[in-house]
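Q: I am a first-year student, and I would like a close look at one part of this model, followed by an account of what that part touches. Please take it step by step and in full sentences.

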Amino acid sequence: MAEAATGAVRVEKVRGRSALTRCFARYPLKLIAPSKVGPASCDAVWLYALTYGGGIVSGDTISCTVSVGDECTAAITTQASTKVYKAVDSKCSEQLLEARVGEDALLAVIPDPVTCFSTARYYQKQVFQVCANSNLVLVDWFTSGRYESGEKWDFSFYKSVNHIFLEDQPLFIDSVLLEQGSNCSIAERMQEYNVIAMVVLLGPKLRHIQDKMQEEVKRLMSGQLRPPTSGGSLYTMRSQPPQRPQQPPLVASCSLFGRTGTGVVARVAAVSTELVYSFLRHHLAALELFIGASPYAAS
Amino acid sequence: MESDSPVSKKSRLFHSVDCVMEEAPSTATGVSQSLHWTQWQILDSILPTGGFAHSYGLEAAMQSRMVSNQDDLRSFVIQVLENTGSLLLPFVYCSSKSPDVAAWVKLDQLLEATLTNEVGRKASASQGSALLRVAASVFTEIQVVQDLRRTFLGSKSVSFHHAPIFGFICGLVGFDSETAQRAYMFMTMRDVLSAATRLNLIGPLAASVLQHQVAPDAERMLQKWKDRDVAEASQTAPLLDAVQGCHAYMFSRLFCS
């Protein structure tokens with residue numbers, strides 16, 4: 001991947017502060033490193049990953065390597081959702097990220113969602129190499145498409161792979177695949193939901209955020225879940241007209257991962273992008289302490 | 001495709017009886033006959049592996065109103081089967097193809113990292129441990145099963161996940177890997193439908209009807225996902241994954257997962 005990479009980033013300590021010592025990008029990727037995202041007292045490098053035209057065309061591959069040195073902090077985000085345009089000759093659009101997070105370092109990958117247009121084909125793979133005391137925030141999310149104009153779950157192929165290795169041992173191996181033409185259409189699988197999101201929080205610095213998120217998600221969902229009173233029973237179905245009971249507009253659940261439980265992953269499904277933005281804004285707000293600004297504050 | 005393996009087995013059987021060969025025909029017949037008994041026993045719901053303590057996310061799906069009638073149930077079963085095919089069959093396949101202890105350890109550890117949903121991960125580990133315990137008591141003639149259990153019991157480095165243990169045992173008792181994978185799909189469907197009847201979503205007779213109706217879909221999914229490497233394992237039902245994760249949040253529940 002190294003020679004074909006469209007982007008390469010290195011963050012290292014320079015005179016005691018996190019600094020961008022390498023920042024290379026070529027078409028179709030563009031990297032912008034604004035210096036004034038947070039207050040000057042905050043030691044963090046911010047990077048905006050942009051694409052020409054705001055999306056990825058069929059057949060394009062964006063690959064980027066990121067290295068966050070020991071005790072450094074970096075945040076990578078986008079300016080708006082990443083559009084994946086219609087497939088031409090069933091060619092895939094690809095995004096690849098390889099990142100290394102050093103000792104006691106923090107990397108936050110906090111992009112806007114991926115939006116696949118109808119017939120689009122998209123493949124994404126992100127591999128993270130971490131140490132036992134590295135800290136990682138990873139948000140990976142996608143929408144049904146331009147659902148406000150009626151384009152819902154109409155893409156052809158979506159695959160997102162996220163691997164986290166702790167000293168070469170698999171710590172978190174995640175792969176989501178949605179493909180048309182299987183036994184059950186994507187739209188049927190997703191029911192009324194338009195957004196699927198995953199939030200990974202790993203490392204000792206994020207302990208407080210992990211605990212708070214787990215507790216709040218549990219409280220939020222406990223109130224939404226209840227045994228069916230009559231709707232689910234086969235004995236009442238015959239007499240009553242079928243009426244779909246209201247589903248929760250946002251479903252979320254948290255799980256610990258790693259043998260010692262150092263990581264938390266939240267899985268979220270929601271009917272609208274806005275609901276997920278407010279979920280992320282709320283649960284990641286405390287990252288401001290490390291990266292100098294609250295993620296998704298302007299979204 | 002479905003009738004291939006039984007037919008070929010039968011013809012092999014006749015063949016060995018008809019022809020006079022160097023090998024004693026009665027032994028070959030005996031082996032093949034006893035394999036049937038073993039296969040049926042492994043698939044029998046009487047085998048105490050604890051499968052019936054799990055709803056595969058159905059209970060959480062009902063409590064969040066994702067599944068509220070028989071049509072929803074059918075779609076749910078198909079999604080669970082598809083997800084089983086894409087995510088777990090590679091583990092069944094790889095461990096049944098070469099039931100070797102070192103390879104099994106690697107598969108178990110990889111699946112531990114792959115099952116990122118805590119509810120599903122615990123369910124998989126408890127079913128796998130129960131299956132190994134039963135297999136070690138039942139198949140006393142298979143030394144490897146005894147050794148595996150003795151070596152790793154209480155070990156913190158392995159979790160005894162269900163799919164690799166199932167494949168491992170199937171491989172040792174002589175299942176071909178396609179049969180092992182079909183058996184895994186069959187058990188998954190059996191357990192989800194059993195949970196559906198106990199959740200009062202469907203009657204036992206209607207569940208049997210549904211099981212028969214969904215079988216061709218399950219076979220199609222088997223053909224699609226069989227014989228794949230674990231590097232390809234993916235989940236295909238992210239909504240149900242988020243919902244299943246809520247299982248522990250439910251105030252009242254019948255199942256462990």
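A: Let us begin with chain B, where buried residues make up 49% of the 257 residues; please keep in mind throughout that this is a predicted model. Chain B has 12 helices and zero strands, and reading along its sequence therefore gives the pattern α-α-α-α-α-α-α-α-α-α-α-α, one helix after another. Among the contacts in chain B with a separation of 6 or more, 82% are between residues 24 or more positions apart.

One loop of chain B deserves a pause, namely the one between α10 and α11, which holds B:Asn200. Although this residue is not a glycine, the phi angle of B:Asn200 is positive, at about 65 degrees. B:Asn200 has 14 C-beta neighbours inside 10 Å, and so it counts as partly exposed, given that a residue needs 20 or more such neighbours to be buried and 12 or fewer to be exposed.

From here we can turn to the side of chain B that meets its partner, where 42 residues of chain B are in contact with 48 residues of chain A. Several helices of chain B each supply at least two residues of this side, and they are α3 (58–63), α4 (70–87), α6 (101–114), α11 (204–225) and α12 (238–244). Sorted by character, the residues on the side of chain B that touches chain A comprise 18 nonpolar, 18 polar and six charged ones.

The two chains also share a nonpolar core, the largest one, which has 159 residues, and the residues with the most contacts inside this core are A:Ala74, A:Leu107, A:Leu136, A:Val268, B:Leu58, B:Tyr184 and B:Ala196. Helix α10 (residues 177–198) of chain B gives this core its largest share, 10 residues. As a general background, nonpolar side chains tend to be buried together in soluble globular proteins. To see what such a core looks like from one of its members, take A:Leu107, which, once its neighbours within four places in sequence are left aside, is in contact with A:Val68, A:Ala74, A:Ala99, A:Val101 and A:Leu136.

The partner, chain A, has five helices and 18 strands. Its radius of gyration is 20 Å, close to the 19 Å that the globule rule gives for 299 residues, so chain A is as compact as a globular protein of that length. Along the principal axes, the C-alpha trace of chain A spans about 75 × 45 × 35 Å. Of the 299 residues in chain A, 45% are buried, and among contacts there between residues at least 6 apart in sequence, 75% join residues at least 24 apart.

Seven of the strands in chain A form an open sheet with mixed pairing, in the order β2-β1-β6-β9-β12-β14-β15. At the edges stand β2 (17–25) and β15 (169–179) of chain A, each with a single partner strand, so one side of each has no neighbour in the sheet. From one strand to the next, the twist averages 10 degrees. Within this arrangement, strand β1 (residues 7–14) and strand β6 (residues 61–68) of chain A run parallel and are joined by five bridges, with A:Ala8 standing opposite A:Thr65 in β6(A).

Another strand worth following is β4 (residues 45–51) of chain A, where five of the seven residues are buried, so the strand is largely enclosed by the rest of the structure. Strand β3 (residues 29–32) of chain A pairs with β4(A) in the antiparallel sense over four bridges, and A:Leu29 has A:Thr51 as its bridge partner in β4(A). With strand β7 (residues 73–77) of chain A, β4(A) pairs in the parallel sense, again over four bridges, and here A:Leu47 stands opposite A:Ile76 in β7(A).

Two details of the backbone complete the view of chain A. In the loop between β2 and β3 lies A:Pro28, and the peptide bond joining A:Tyr27 and A:Pro28 is cis, with an omega of about 5 degrees. In the segment after α5 (288–291) of chain A we find A:Tyr296, a residue other than glycine whose phi is positive, near 65 degrees. A:Tyr296 counts as buried because it has 21 C-beta neighbours inside 10 Å.

Key:
Residues are numbered from 1 along each chain as its sequence is written. Chains are lettered from A and ligands numbered from 1 in the order in which they are written. This is a predicted model: local features need pLDDT of at least 70, side-chain atom pairs count only at pLDDT 80 or more; totals for chains, interfaces and linings use all residues. Two residues are in contact if their C-beta atoms, placed from the backbone, lie within 7 Å. Ala, Val, Leu, Ile, Met, Phe, Trp, Tyr, Cys and Pro count as nonpolar, Asp, Glu, Lys and Arg as charged, and the others, Gly among them, as polar. The radius of gyration is taken over C-alpha atoms; the globule rule is 2.2 Å times the number of residues to the power 0.38. A nonpolar core is a set of buried Ala, Val, Leu, Ile, Met, Phe, Trp, Tyr and Cys residues joined through C-beta atoms within 7 Å. Two strands pair if DSSP finds at least two bridges between them. Axes are lines fitted to C-alpha atoms, for helices over the stretch in contact, and angles run from 0 to 180 degrees between N-to-C directions.
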